[in-house]
Amino acid sequence: MPQQLPLSFSYQAPGRIWQIKADSLNSSLALEVRNQLQEVSFAYLQPLQDRVIFEGLSLEGGLLTNLVACQGNVLLFQQFDDLENPANVTTVALAAQNQEVLWAVSNYRHVFFAKEVSVGRTGEGEGEEEGWAAIHLLDGSVQDLDEQAVEKLRAAADVSGPQHNNLLLPAVFEEGETHFSTVAEFLQMYLGAEALKSCEYLHVFDKMAISFYTADGEKMANQIAVFDAEGNLLLQQIMASDLHKPGSETFMVWNQQLFFIENSSCLKGYNLQ
């Protein structure tokens, strides 16, 4: 398959990449990885510098821990006491540079960042009154918020938040929708491919990126294709095969690079500029 886009980054994880979170303040990506033994670990990467800050990090909560978000070299995790009672949760902040825990707050759920603070819901445990709080990412100081204060912080984050400016996600078109038919006809014309079920589309810079599904025996394969403005094919690659159903957010564009996961465990980045 043609490949005219330069490969800028590749990272092979020791298991299935379960989640990716972008830290746009310092151009880093945090990964949650789970293997066939149901072990969970975390990695923190700087693709633009081709650096791995850490990888294979395991936390005390084990399987009951998941990655939530990251900002400014601080990673946020949720640790559940019991999956059958998800109301009891602790949010843990970790410093990326030395992997030390900065703070941990029970019954707090991160919602969004506002500069150096995490804003989230509090008191969602059994018998507790719900509210809002802002937690300073570095020192863990907590400030209770009313609804008006939350809306002001949210509005400021929406306007100035670099994570919104740098991270681009594709639109999803389902089979039967007009937009899906348009994309499917384009793929049939330029690739001779018959797209099934759904597709994801993103027009960025002077290029089009399309994730689509084709028949793979009785199952499906997920491919990604990138075209320039003249319809020339710059990249076509199978991302996954042997699929029973379509996925979601199968690629993203971040810091002028196209990122996707190949075969569930290899993160690849291609320079779009």
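**Exercises: Gln 79, Leu 48 and the largest pocket**

The side chains of Gln 79 and Thr 65 are joined by a polar contact of 3.4 Å. Such a contact is a pair of N or O atoms within 3.5 Å; within protein, one must be able to donate a hydrogen and the other to accept it, and residues adjacent in sequence count only if both atoms are side-chain atoms. The model is predicted: local features need pLDDT of at least 70, side-chain atom pairs count only at pLDDT 80 or more, and totals for chains, interfaces and linings use all residues. Residues are numbered from 1 along each chain as its sequence is written, and side-chain values use heavy atoms, with hydrogens and water left out.

**Exercise 1.** Place Gln 79 and list residues that it touches.

*Solution.* Start with the element: Gln 79 sits in strand 7, residues 74–80. Strands are DSSP runs of E, at least two residues, numbered from the N terminus. Next, take contacts (heavy atoms within 4.5 Å). Beyond four places in sequence, Gln 79 touches residues including Leu 59, Thr 65 and Asn 88.

**Exercise 2.** Decide whether Leu 48 is buried, partly exposed or exposed.

*Solution.* Recall the cut-offs: buried is under 20% relative accessible area, exposed over 50%, partly exposed in between (1.4 Å probe, protein chains only). Leu 48 has 43% relative accessibility, so Leu 48 is partly exposed. Now look around: outside four places in sequence, Leu 48 contacts Ser 27, Asn 255 and Gln 257. The C-alpha atoms of Leu 48 and Gln 257 are 9.1 Å apart, with their positions 209 residues apart along the chain.

Notes
Helix = DSSP H or I, 4+ residues; strand = E, 2+ residues; numbered from the N terminus.
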